[in-house]
Amino acid sequence: MDSVIVAIDGPSGTGKSSTSKAVAAKLGLSYLDTGAQYRAITWWMISNGVDVTDAEAVANAASKPVIVSGTDPARPTITVDGADASGPIRTEEVTSKVSAVSAVPEVRSLITELQRSIAKGAEHGIVVEGRDIGTTVLPDADLKIFLTASPEARAARRSGELKGVDVHATKEALIKRDAADSSRKTSPLAKAGDAVEVDTTELTLDQVIECVVTLVDEKRAAAK
Ligand SMILES: Nc1ncnc2c1ncn2[C@@H]1O[C@H](COP(=O)(O)OP(=O)(O)OP(=O)(O)O)[C@@H](O)[C@H]1O
Ligand SMILES: Nc1ccn([C@H]2C[C@H](O)[C@@H](COP(=O)(O)O)O2)c(=O)n1
């Protein structure tokens with residue numbers, strides 16, 4: 001197996017992005033942050049005055065923005081209608097509204113097709129991270145990982161990133177977003193039956209990266 005497709009799913013703050021980028025860089029694979037795509041469409045909705053609580057309005061506008069993801073793990077990029085969206089998609093406003101937008105079936109269907117076409121075009125293989133990659137987007141991925149960590153560990157990690165932010169409030173926000181993402185009807189956050197679960201609570205980031213690289217190596221060796 002030369003080209004390899006790795007799906008990494010899990011709740012917020014479990015280390016999906018950090019792990020996926022590092023694994024892709026180490027193994028010479030492409031990298032796709034699917035959360036960034038849902039954030040990008042959410043940013044477009046907000047910027048264009050679409051009421052994100054109105055699922056019909058979101059569905060009607062869903063095909064309008066052109067979202068382009070760059071898949072170099074050393075320099076992942078995201079543009080909306082040609083404009084760099086990497087900063088604006090990380091605002092508190094987008095974070096608080098992305099679960100509502102990403103629950104709309106028309107949004108999921110468009111973004112899922114985009115993700116599949118990017119994965120198909122990755123010459124040497126790709127690490128794709130998100131919430132429904134192993135279950136829905138790439139059910140035939142060569143390796144599926146489901147990262148978990150305690151809410152306390154995840155909140156502490158996020159608060160470390162956002163200096164001065166209250167850990168308790170961060171933990172509540174994480175739990176609320178996970179609950180929304182897990183309970184939506186279409187393609188919820190879920191572990192695929194054949195995914196390997198890795199609890200990262202007590203692991204350093206380097207240990208998690210090493211664990212995933214080893215799992216990829218084992219898959220490749222088994223396929224020879
Ligand atoms: N095992 C770990 N130990 C300590 N810190 C970690 C670990 N894994 C990731 N982190 C840190 O936790 C923060 C969140 O990680 P990351 O953004 O990769 O999570 P995520 O699962 O992609 O989150 P989200 O789904 O919200 O985008 C980052 O600051 C990252 O450096
Ligand atoms: N495959 C995916 C990826 C992400 N989402 C939604 C749900 C998340 O809360 C949001 C932002 O993701 P993050 O940047 O925090 O990883 O995007 C999804 O529904 N499916």
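1. In what sense do strand E4 (residues 77–80) and E5 pair, and over how many bridges? In this predicted model, the pairing of E4 with E5 is antiparallel and runs over two bridges. One residue pair can be picked out on the structure, since Val80 has Ala83 as its bridge partner in E5.

2. These strands belong to an open sheet of three strands, whose order is E3-E4-E5 and whose pairing is antiparallel. Strand E3 (67–70) and strand E5 (83–84) are placed at the edges and have a single partner strand each, so one side of each is left without a neighbour in the sheet. As background for a new reader, strands of a sheet pair through backbone hydrogen bonds, and the pairing may be either parallel or antiparallel.

3. For the overall picture, the protein contains nine helices and eight strands, and its C-alpha atoms fill a box of roughly 50 × 40 × 30 Å when this is taken along the principal axes. A compact globule of 224 residues would be expected to have a radius of gyration near 17 Å, and the value for the protein, 17 Å, agrees with that. Of the 224 residues, 46% are buried.

4. Parallel pairing appears around strand E7 (residues 143–148), which is joined by four bridges to strand E1 (residues 4–9), the two running parallel. Within this pair, Ala7 has Lys144 as its bridge partner in E7. E7 also pairs with strand E8 (residues 196–199), again in the parallel sense and over four bridges, and here the bridge partner of Ile145 in E8 is Val196.

5. Is strand E7 largely enclosed or left open by the rest of the structure? Six of its six residues are buried, so E7 is largely enclosed by the rest of the structure. Leu143, Ile145 and Leu147 point one way from the strand, while Lys144, Phe146 and Thr148 point the other way, and all of them are buried. A reader following E7 along the model will therefore find buried side chains on either face, including that of Lys144.

6. The surroundings of ligand 2 deserve a separate look. It has 16 residues around it, and the closest are Arg39, Arg108, Asp132, Arg177 and Asp181. The side chain of Arg39 places an N or O atom 2.7 Å from an oxygen atom of ligand 2, and Arg108 has a polar side-chain atom 2.8 Å from an oxygen atom of the ligand. For Asp132, a polar side-chain atom lies 2.8 Å from a nitrogen atom of ligand 2. Taken alone, ligand 2 exposes 450 Å², and the protein buries 97% of that area.

7. Which elements give two or more residues to the shell around ligand 2? They are helix H2 (34–47), helix H4 (92–102) and helix H8 (167–183), with H2 giving the most, namely four residues. By residue class, the shell divides into eight charged, five polar and three nonpolar residues.

8. A last point concerns Thr95, whose place is in helix H4. With a relative accessible area of 17%, Thr95 counts as buried, because buried means under 20% relative accessible area. The side chain of Thr95 makes a polar contact, at 3.0 Å, with the side chain of Arg39, and Arg39 is itself one of the residues closest to ligand 2.

How values were computed: Residues numbered from 1 in each chain as written. Chains lettered and ligands numbered in written order. Predicted model: local features only at pLDDT ≥ 70, side-chain atom pairs only at ≥ 80, totals over all residues. Heavy atoms only, no water. Buried < 20%, exposed > 50% of the residue type's maximum accessible area, 1.4 Å probe, protein only. Pairing = 2+ DSSP bridges. Near = heavy atom within 4 Å. Polar contact = N/O pair within 3.5 Å; in protein donor to acceptor, adjacent residues only side chain to side chain. Areas by Shrake-Rupley, 256 points an atom, 1.4 Å probe, with all protein chains shown as cover. Nonpolar A, V, L, I, M, F, W, Y, C, P; charged D, E, K, R; others polar. Rg over C-alpha atoms; globule rule 2.2 N^0.38 Å.
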